[in-house]
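Biologist: I would like a close look at a single part of this model, with the surroundings described as far as they bear on that part. Please keep the answer connected.

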Amino acid sequence: MSTLAEIQVNVQPLADRVLVEPAPAEEKTAFGIIIPDTAKEKPQRGTVVAVGPGKKDEPMTVKVGDTVLYGKYSGTELAYEGKDILIMRESDIYAIIG
């Protein structure tokens, strides 16, 4: 099964927008307890799959393939080719995980 980061995305974000594929929600706790779908937390980590050109005086700092941390309620959810993705401003991204 391929992720969006591994395939060509035909959506080009505008200005300082970024497309992020959220990481899957945790299935189990550290103690091995299975978490039901209704209790799973929304992920706050994902992989950048497309980046806009940036604003006139503000170049983009994230690039395709970066793993990023973002706010819990950041971005707008979209369905693209059967996968859920988020589109958000670069300023909604808190950190790049290296």
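Modeller: Contact is taken here as heavy atoms within 4.5 Å. The model is a predicted one, with a mean pLDDT of 81 for the protein and 76% of the residues at 70 or more. Where pLDDT is low, the predicted coordinates should not be read in detail. Among the elements, β3 has the highest mean pLDDT, 94, and β4 the lowest, 86.

I take the sheet and its core as the part to examine, starting from Val-62. Leaving out residues up to four places away in sequence, Val-62 touches Val-18, Val-51, Val-68, Glu-90, Ile-93 and Ile-96. Val-62 also belongs to the largest nonpolar core, which has eleven residues, among them Val-18, Val-51, Val-68 and Ile-93. The other members include Val-20, Val-48, Met-60, Tyr-70, Leu-86 and Met-88. Two or more residues of this core come from each of β1 (17-22), β2 (45-51), β3 (67-70) and β5 (83-89). A second core, separate from that one, has five residues, including Val-49, Ala-50, Tyr-80 and Ile-85. In soluble globular proteins, nonpolar side chains tend to be buried together.

The strands behind these residues belong to an open sheet of six, ordered β4-β5-β1-β2-β3-β6, with antiparallel pairing. β4 and β6 (93-97) are the edge strands; each has a single partner strand, so one side of each lacks a neighbour in the sheet. On average, neighbouring strands are turned by 40° against each other, direction ignored.

The pairings can be followed from the β4 edge. β4 (residues 76-80) and β5 are antiparallel over five bridges, and Leu-78 has Ile-85 in β5 as its bridge partner. These two strands form a hairpin with two residues between them, and Glu-81 in the turn has a positive phi of about 50°. β5 in turn is joined to β1 by four bridges, again antiparallel, with Leu-19 opposite Ile-87. Five bridges join β1 to β2, also antiparallel; here Val-18 stands opposite Val-51, and both are contacts of Val-62.

At the other edge, Ile-97 lies in β6. Ile-97 counts as partly exposed because its relative accessibility is 39%. Beyond four places in sequence, Ile-97 touches Arg-45, Thr-67 and Leu-69. Arg-45 is 52 residues from Ile-97 in sequence, yet the C-alpha atoms are 9.1 Å apart.

Charged side chains add three salt bridges to this picture. Asp-16 is buried, at 9% relative accessible area, and pairs with Arg-17 at 3.5 Å between the closest N and O atoms. Asp-16 also meets Arg-89 in a salt bridge, at 3.1 Å from N to O. Arg-89 lies in β5 and Asp-16 in the segment before β1, so this pair ties together parts 73 residues apart in sequence. Arg-17 and Arg-89 are both partly exposed, at 29% and 34%. The shared partners join Asp-16, Arg-17 and Arg-89 into one network. The remaining bridge is between Asp-66 and Lys-63, at 3.3 Å; Asp-66 is buried at 10% relative accessibility, whereas Lys-63 is exposed at 54%.

Ala-15 is also in the segment before β1. Its phi is near 50°, a positive value in a residue other than glycine. Most residues other than glycine have a negative phi. Ala-15 is partly exposed, with a relative accessible area of 30%.

Conventions
Residues numbered from 1 in each chain as written. Predicted model: local features only at pLDDT ≥ 70, side-chain atom pairs only at ≥ 80, totals over all residues. Heavy atoms only, no water. Core = buried A, V, L, I, M, F, W, Y, C linked by side-chain atoms within 4.5 Å. Buried < 20%, exposed > 50% of the residue type's maximum accessible area, 1.4 Å probe, protein only. Pairing = 2+ DSSP bridges. pLDDT = per-residue confidence, 0-100. Axes fitted to C-alpha atoms, helices over the stretch in contact; angles between N-to-C directions. Salt bridge = Lys/Arg side-chain N within 4 Å of Asp/Glu carboxyl O.
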